[in-house]
Amino acid sequence: MGVAIKTEDLTKTYRTRSGKVNVVDHLNLEVEEGEIFGFLGPNGAGKTTTIKMLLGISYPSEGTAWVLGKEIGDTDVHRRLSYLPEKPYYYEHMTGLEILRFYARLFNIKEPERTKKAEALLEKVNLAGDADKIIAQYSRGMQQRIGLAQSLLNDPVLLFLDEPTAGLDPIAHIEIRDLILKMRDEGKTVFISSHELSDVERICDRVTILNYGKVVSEGRLDTLLKGGRIEITAVNVPKGIEDNLRSDGVIASFHDGRLIIDAPDTIATDGFVDAVRSAGGTIVSIIPRRKRLEDLFIESVGGRRVLTEQTEQSEESV
Amino acid sequence: MGQIFAIAQTTLGEAIRRRVLLIILLIGLAFLIISPSLNQLTPRGQTEVLVKMTLGILKITSAILAVTLTVYLIPNEVERRTIYTILSKPVQRYQFLVGKFLGSVGALAVMIGLMTLVLLVTFSLQQRDASMDDVARIVKSAVMYVFQMSLLAGIAMLFSTIVTPIVNFFMTGMVFVFGTLMNPIFESLGASSGGGLAGLGSRVAHYALPNFTNVDITGGATQAEQAVGGSEAVYMMNGIIYAIIYTSIMLVLAVLIFDRREI
Ligand SMILES: Nc1ncnc2c1ncn2[C@@H]1O[C@H](COP(=O)(O)OP(=O)(O)O)[C@@H](O)[C@H]1O
Ligand SMILES: [Mg+2]
């Protein structure tokens, strides 16, 4: 397997009111051919800026990168890749079919292949019935599917999808996820950026988490997300019991007469339940919480869990 | 080449649907339709005055259309992020810019053509004594306007790589007014005052500022013909060549800036 994308100290500096800021800060990435790569990070982390530099739309302030073996700035490589921008718009006066034919012309695809290809892609993204509607009449989800269709016109080996599911309903999420899985089956490399962790991002083979332009975490998503937490709520529990329940990583506190225990999922739940019940308490709920991307961000940047702070505050006030 | 043409065609299709432009066009058409009927109050032999006046309306409307169309051309592409999809295809920035420009020129030509047609129809209906000469004058002037407005659009395009649309609107408007009213003055000053500093300044101003009257036969044609010493056809040809060269320079500068700019 070759390398599809490689960056070397890729940096973008913007001048702002508060001075110079590296919105992408000496980024070193490697994306393998054929993988679905998740480029994750909160809003403003520098994901879009990175993609724009990889596409030669924006110029690096420092460092460089190679895409499909060519150093950035070579538009010839664009024949083999494609890009779905964040919240894209398309010329609203054109129909779905016309838009695809327009983009096909940018690849110098000639008729009759142009129309044939456009129609086949409309079929693929489930828009064949809406081919003659103008884009202004398309829903956000339909526009996103037109976007995916235009990104497949040149049968690319590498796709950049910038926040492909942002602002879409759950059904559209699933449709897009299925299309991405199809692309993987066809052996394409897919580079997905996202600030949330929907099921689309969960199909990534490998992810990198970016914050303030720097990589804060990278690896396989399932490894990174290992270790969720469990929240146990109980009532009728005598005060003071929480002190006995606290141990490594366990937070126990009272809120409005309810005992709330927040513990790592590796800890035996049974022990807590037994302790609460033998003290005369009643369990109201046991809720496992999967680790979320935010938890990862917070861990990665060394922040504290919000719940911990709340607990400490309420304890002081008791 | 295929890419440039595809972008131009799409730009044209979008431009002729833009509401602001259609409103300006309608206002212009309204003026063109009512002005000949106003003239029925004046005595015969005033056709010449009327032709000049309606051509003036045609010119001002075209200029407003040209500026309004082009100042938003690139900023809109960036704002709607349509430019990113296009530039991620095998399309160079110069191809994008030239395509956008040619598309706007096409749209301007369509709109000027439409106004001219309406003007000719109202003329033939209301001014029975209009001669073939008048008709020819209108058509020739309209052709020159297409080139003149392309030049104006090229200037707006260059500015749009540097300043915001609103600032651009005023800058291009100023250049049009100065280039139309002042440049002939600079030209004669530069020619008459010889080697002095004033003369040099005038000559610099004359060459740097576009001279829109060069690309115009509405008013000063006969006078200009004498200056050139040739026929009207030669004068028109010179004007068109001047417009094309000047516009090309504007586009080259725009590309040089746009190529380096963040979008
Ligand atoms: N042209 C620009 N000028 C100044 N700052 C910018 C510009 N473009 C983006 N930024 C800033 O760079 C940071 C990263 O932006 P972006 O790459 O869009 O983040 P993301 O895609 O991860 O949400 C943000 O703080 C944004 O405000
Ligand atoms: Mg972004």
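So, where in chain B is B:Glu232 found? Hold that thought for a second. One reminder before I go on: what you have on screen is a predicted model.

Okay, B:Glu232. It sits in helix α12 of chain B, the stretch covering residues 232-260. Its relative accessibility is 15%, so B:Glu232 counts as buried, given that the cut-off for that label is under 20%. And this glutamate has partners. Its side chain meets the side chain of B:Lys140 in a salt bridge, with 2.5 Å from N to O. That pair ties together distant parts of the chain: B:Glu232 is in helix α12, B:Lys140 is in helix α7, residues 132-160, and 92 residues separate the two. B:Lys140 itself is partly exposed, at 29% relative accessible area. On top of that, the B:Glu232 side chain makes a polar contact of 2.9 Å with the side chain of B:Arg137.

While we're on helix α12, B:Tyr242 is in there too. At 22% relative accessibility, B:Tyr242 counts as partly exposed, because buried would need a value under 20%. If you want a distance to check on screen, try its C-alpha against the one of B:Met111: they are 23 Å apart, with those positions 131 residues apart along the chain.

Now over to chain A. You're looking at 318 residues, 49% of which count as buried. The secondary structure comes to eleven helices and 15 strands. Along the principal axes, the C-alpha atoms fill a box of roughly 80 × 45 × 40 Å.

Next, the ligand. What surrounds ligand 1? The list is A:Tyr14, A:Val23, A:Pro42, A:Asn43, A:Gly44, A:Ala45, A:Gly46, A:Lys47, A:Thr48 and A:Thr49. By class, that's four nonpolar, five polar and one charged. Helix α1 of chain A, residues 47-54, gives the largest share of that shell, with three residues.

For the polar distances, all to ligand oxygens: a backbone N or O atom of A:Ala45 is at 3.1 Å, a polar backbone atom of A:Gly46 is at 2.9 Å, and an N or O atom in the A:Thr48 side chain is at 2.7 Å. As for cover, ligand 1 on its own has 570 Å² of accessible area, and the protein covers 61% of that.

Stay on helix α1, since A:Lys52 is in it as well. This lysine is buried but has no salt bridge. Which side chain of opposite charge is nearest to A:Lys52? That would be B:Glu262, over in chain B, 6.5 Å away. What A:Lys52 does have is a polar contact of 3.3 Å, side chain to side chain, with B:Tyr84.

Last topic, salt bridges. Searching the whole structure over all chains turns up 20 of them. One of these joins the side chains of A:Lys133 and A:Asp130 at 3.0 Å, N to O. In that pair, A:Lys133 is partly exposed at 35% relative accessibility, whereas A:Asp130 counts as buried at 17%. Another has A:Arg177 and A:Asp178 meeting at 3.6 Å. There, A:Arg177 is partly exposed with 23%, and A:Asp178 is partly exposed too, with 37%.

That's my tour, so over to you for questions.

Methods:
Residues numbered from 1 in each chain as written. Chains lettered and ligands numbered in written order. Predicted model: local features only at pLDDT ≥ 70, side-chain atom pairs only at ≥ 80, totals over all residues. Heavy atoms only, no water. Near = heavy atom within 4 Å. Polar contact = N/O pair within 3.5 Å; in protein donor to acceptor, adjacent residues only side chain to side chain. Areas by Shrake-Rupley, 256 points an atom, 1.4 Å probe, with all protein chains shown as cover. Helix = DSSP H or I, 4+ residues; strand = E, 2+ residues; numbered from the N terminus. Nonpolar A, V, L, I, M, F, W, Y, C, P; charged D, E, K, R; others polar. Buried < 20%, exposed > 50% of the residue type's maximum accessible area, 1.4 Å probe, protein only. Lys, Arg positive; Asp, Glu negative; His and termini not counted. Salt bridge = Lys/Arg side-chain N within 4 Å of Asp/Glu carboxyl O.
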